[in-house]
Structure formats: C-alpha cells, structure tokens
Amino acid sequence: MGEPDEDGIVAYLLNGTGLWSEMGATTDVLDPEGPTLAGAGSLRTDGTWVWRDDLSYYVRRHHVVLPASFLAWVRLLDHTPPQVPDSRLADILTRDLGIPLD
C-alpha cells in the first residue's frame, strides 16, 4: 500500500520539468518479469529536487517510499511542480550534476 496521495505524487513526478533525455531502456529492477521502461534514465526536476523519469513507475507499481522531506515539499506545492527557468536548469546540469553544456 502506498501513500494516501500516491496518485498526486505520481502526477508530480510525471510533470516535473525535463532536464536530461536518455534514449535507452531498462527492465524493472524490482521485478525482472516486469515491463521494459523506455527512457528510464532521463531526469526531471522541480528546481529543487532531481529524479529519474522511471521513479513515477516505481512509486505507482511498487509503492516505493520516498524521503519524507520530498513528500512534504510535494504536498506543500499541492502536487503541482513549479515551472523551472532555463537558467536554473543550466545550473543543475553544470553545477549540481557536472554535465558540460558544450
């Protein structure tokens, strides 16, 4: 059983701003018989937190428990991620993740 507002949490994860796109696919790491997850290594953000694109799948399917501080943040924002300015996306990529933009 997941969080009582699991649908809202999943929606938040799905609606985060795309930060990094990956074309690869992977299998469900918690269920080898599960589906293949396309673009699983892609990244999303709300400007504060960064998560893999497949996290929404794991929360919905396996009820993965997320950090309490993240859940408090999602609930504070009423399950609606903010728009993230391009300048913040560039900062996350370069400063936080060390990915060069050239």
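Tutor: Before we start on this predicted model, a residue is called buried under 20% relative accessible area, exposed over 50%, and partly exposed in between.

Student: Is Asp 5 buried or exposed, and what is its relative accessible area?

Tutor: Asp 5 belongs to the segment before α1 (6-14). The limit for a buried residue is under 20%, and Asp 5 meets this limit, so Asp 5 is classed as buried, with a relative accessible area of 17%.

Student: Which side chain meets that of Asp 5 in a salt bridge?

Tutor: Side chains of opposite charge can pair when their charged atoms come close. Here the N to O distance is 2.8 Å, and the pair joins distant parts of the chain, with the partner placed in helix α3 and 70 residues away from Asp 5. The partner itself is partly exposed, at a relative accessible area of 35%. The side chain that meets Asp 5 is that of Arg 75.

Student: Which residues are linked with Arg 75 in a network of salt bridges?

Tutor: The structure holds 7 salt bridges, and one of the pairs is that of Arg 75 with Asp 5. Arg 75 is also part of a network of salt bridges, where the residues linked with Arg 75 are Glu 3 and Asp 5.

Student: Which residue forms a salt bridge with Arg 44?

Tutor: Arg 44 is partly exposed, with a relative accessible area of 22%, and its partner likewise counts as partly exposed, at 24% relative accessibility. The side chains of the two residues meet with an N to O distance of 2.5 Å, and the partner of Arg 44 is Asp 53.

Student: How far apart are the closest N and O atoms of Arg 88 and Asp 96?

Tutor: Arg 88 counts as partly exposed, at 24% relative accessibility, and Asp 96 also counts as partly exposed, at 43%. A salt bridge requires a side-chain nitrogen of Lys or Arg within 4 Å of a carboxyl oxygen of Asp or Glu. Arg 88 and Asp 96 do form a salt bridge, and their closest N and O atoms lie apart by 3.5 Å.

Student: Why is one side of β1 and of β5 left without a neighbour in the sheet?

Tutor: The sheet is open and has 3 strands, paired in the antiparallel sense and ordered β1-β4-β5. In that order β1 (17-20) and β5 (50-52) stand at the edges, so each is left with a single partner strand.

Student: Which residue of β4 is the bridge partner of Thr 17?

Tutor: The strand β1 pairs with β4 (residues 43-45) in the antiparallel sense, over 3 bridges. Within β4, the bridge partner of Thr 17 is Thr 45.

Student: How do the buried residues of helix α4 lie around its axis, and what arc do they span?

Tutor: In α4 (residues 86-96), the buried residues are Leu 89, Ile 92 and Leu 93. Seen down the helix axis, the buried residues line one face, because they fall within an arc of 90°.

Student: Which exposed residues does α4 carry on the face turned away from its buried side?

Tutor: The buried side of α4 includes Leu 89 and Ile 92. On the face turned away from that buried side, the exposed residues are Ser 87 and Arg 95.

Student: What accessible area does the nonpolar patch with Val 64 have?

Tutor: Val 64 has its place in the loop between α2 (55-62) and α3 (68-76), and Val 64 is partly exposed, with a relative accessible area of 30%. Val 64 forms a nonpolar patch on the surface with Val 29 and Leu 30, and together they have an accessible area of about 260 Å².

Student: Which residue in the loop between α3 and α4 has a positive phi although it is not a glycine?

Tutor: In the loop between α2 and α3, His 63 has a positive phi near 55°. In the loop between α3 and α4 lies another histidine, which counts as partly exposed at 22% relative accessibility. Its phi is about 60°, and the residue is His 79.

Student: What distance separates the C-alpha atoms of Gly 34 and Arg 61?

Tutor: Gly 34 has its place in the loop between β2 (25-27) and β3 (36-38), and at 16% relative accessibility Gly 34 counts as buried. Gly 34 and Arg 61 are 27 residues apart along the chain, and their C-alpha atoms are separated by 9.9 Å.

Terms used:
Residues are numbered from 1 along each chain as its sequence is written. This is a predicted model: local features need pLDDT of at least 70, side-chain atom pairs count only at pLDDT 80 or more; totals for chains, interfaces and linings use all residues. Side-chain values use heavy atoms; hydrogens and water are left out. Two strands pair if DSSP finds at least two bridges between them. Helices (H or I, at least four residues) and strands (E, at least two) are DSSP runs, numbered from the N terminus. Patches are made of residues with over 30% relative accessible area and no salt bridge: like charges are joined within 9 Å, nonpolar side chains (Val, Leu, Ile, Met, Phe, Trp, Tyr) within 5 Å. Accessible areas come from the Shrake-Rupley method with a 1.4 Å probe; for residues, only the protein chains shown count as cover. Buried means under 20% relative accessible area, exposed over 50%, partly exposed in between (1.4 Å probe, protein chains only). The arc is that of the directions from the helix axis to the C-beta atoms.
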